[in-house]
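Thanks for passing this one along. Here are my notes, set out as numbered points so that you can follow them with the model open beside you.

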Amino acid sequence: MQDPNEDTEWNEILRNFGILPPKEEPKDEIEEMVLRLQEEAMVKPYEKMTLAQLKEAEDEFDEEDIKAIEIYREKRLQEWKALTKKQKFGELREISGNQYVNEVTNAEKDLWVIIHLYRSSVPMCLVVNQHLSVLARKFPETKFVKAIVNSCIEHYHDNCLPTIFVYKNGQIEGKFIGVIECGGINLKLEELEWKLSQVGAIQTDLEENPKKGIADMMVSSIRNVSIYDSDSSGSDAEAK
């Protein structure tokens, strides 16, 4: 097939009659490079500046630039505030009973707060504190606090420890009271993470309950024992 861009008399006739499109002019690479550099030069410098750099350079911009800068600065400021708010915690903090209302019940709107009431004399409490310290760093958008139970509730029984309350907007959205509800004496970090995610206090990347496999094994073992007992009972009856 003949190239329509080829310089032939026949192609020229076809172009004159509109049968072929106008011949494509060869691109000038130098001209293209110059145009690209011009476009890059037209990009507003403030789009790559930090807030501090914008403040220092604002005298160099014209009125139109200043208006655009104000909009851009506000956008960057809101992004910074959102990031700061999201990462403002990141640790398991100790509070006293006197701070409970301000730190937990009256915490800022829509903030998830996890508080652990504990006694150092209860081994399970130490395990929970260790796990919560790790989770606090992993989920800095959630507030994690702990308090010695005596400073919050008098005569609280050791059987109810550890106690974990999950608050949001002043309301208890979840609670785990005692060793069993908190996950047992062999509680793993992932198991506690899953429990708190089910309440909604954290957004875990775990896809399923880490304890599910253990539970399935227990159910399977119980089922096998039941079948064995049934078979044994049947064999005994036949023997009689």
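**Notes on the model**

1. Let me start at a turn: Asn169 sits in the loop between strand 4 and strand 5. Its phi is near 55°, a positive value in a residue other than glycine. Asn169 counts as partly exposed because its relative accessibility is 40%. Please keep in mind throughout that this is a predicted model.

2. The strands on either side of that turn form a hairpin, with two residues between them. Strand 4 covers residues 163–168 and strand 5 covers residues 171–177, and they pair in the antiparallel sense over six bridges. Within this pairing, Val166 stands opposite Gly174 of strand 5.

3. Now for the overall picture. The protein has 10 helices and five strands. Of its 240 residues, 30% are buried. Its accessible surface comes to about 16900 Å², and carbon and sulfur atoms account for 53% of that. If you take the contacts between residues at least 6 apart in sequence, 58% of them join residues at least 24 apart.

4. Which strands does strand 2 pair with? Strand 4 is one partner, antiparallel and joined over six bridges. Strand 3 (residues 143–148) is another, running parallel to strand 2 and also joined to it by six bridges. Ile114 is a handy residue to select here: its bridge partner in strand 4 is Val166, and its bridge partner in strand 3 is Phe144. Val166 is thus a useful place to look from both sides, since it is the residue that stands opposite Gly174 in strand 5.

5. Why is strand 2 described as largely enclosed by the rest of the structure? The reason is that seven of the seven residues in strand 2 (residues 112–118) are buried. In a regular strand, side chains alternate between the two faces of the sheet. Here Trp112, Ile114, His116 and Tyr118 point one way, while Val113, Ile115 and Leu117 point the other way, and all are buried.

6. Two backbone details deserve a look before strand 2 and strand 4. Most residues other than glycine have a negative phi, and most peptide bonds are trans. Asp110, in the loop between helix 5 (100–105) and strand 2, has a positive phi of about 65° although it is not a glycine. At 46% relative accessibility, Asp110 counts as partly exposed. The other detail is a cis peptide bond between Leu161 and Pro162, with omega at about -5°. Pro162 belongs to the loop between helix 7 (149–152) and strand 4.

7. Helix 9 (residues 189–199) is worth some time. Its buried residues are Glu191, Leu192, Glu193, Trp194, Leu196 and Ser197. Just after helix 9 comes Gly200, with a positive phi of about 110°.

8. Is Glu193 buried or exposed? Glu193 counts as buried, because its relative accessibility is 3%. What does its side chain meet there? The side chain of Glu193 makes a polar contact with the side chain of Thr204, at 2.6 Å. Setting aside neighbours within four places in sequence, Glu193 is in contact with Leu135, Lys138, Phe139, Ile202, Thr204, Asp205 and Leu206.

9. Ser197, also in helix 9, is buried because its relative accessibility is 13%. Beyond residues up to four places away in sequence, Ser197 touches Ile202 and Thr204.

10. That brings us to Ile202, in the loop between helix 9 and helix 10 (212–239). Its relative accessibility is 2%, so Ile202 counts as buried. Not counting residues up to four places away in sequence, Ile202 touches Phe139, Thr142, Phe144, Glu193, Leu196 and Ser197. Phe144 in that list is the residue of strand 3 that is the bridge partner of Ile114. Thr142 is 60 residues from Ile202 along the chain, yet their C-alpha atoms are separated by 6.9 Å.

11. Finally, a surface feature. Trp10, Ile13, Phe17 and Ile19 form a nonpolar patch there, and together they have about 490 Å² of accessible area. Ile13 lies in helix 1 (residues 9–16), and it counts as partly exposed because its relative accessibility is 33%.

How values were computed: Residues numbered from 1 in each chain as written. Predicted model: local features only at pLDDT ≥ 70, side-chain atom pairs only at ≥ 80, totals over all residues. Heavy atoms only, no water. Patch = residues over 30% accessible without salt bridge, like charges linked within 9 Å, V, L, I, M, F, W, Y side chains within 5 Å. Areas by Shrake-Rupley, 256 points an atom, 1.4 Å probe, with all protein chains shown as cover. Salt bridge = Lys/Arg side-chain N within 4 Å of Asp/Glu carboxyl O. Helix = DSSP H or I, 4+ residues; strand = E, 2+ residues; numbered from the N terminus. Buried < 20%, exposed > 50% of the residue type's maximum accessible area, 1.4 Å probe, protein only. Contact = heavy atoms within 4.5 Å. Pairing = 2+ DSSP bridges. Polar contact = N/O pair within 3.5 Å; in protein donor to acceptor, adjacent residues only side chain to side chain.
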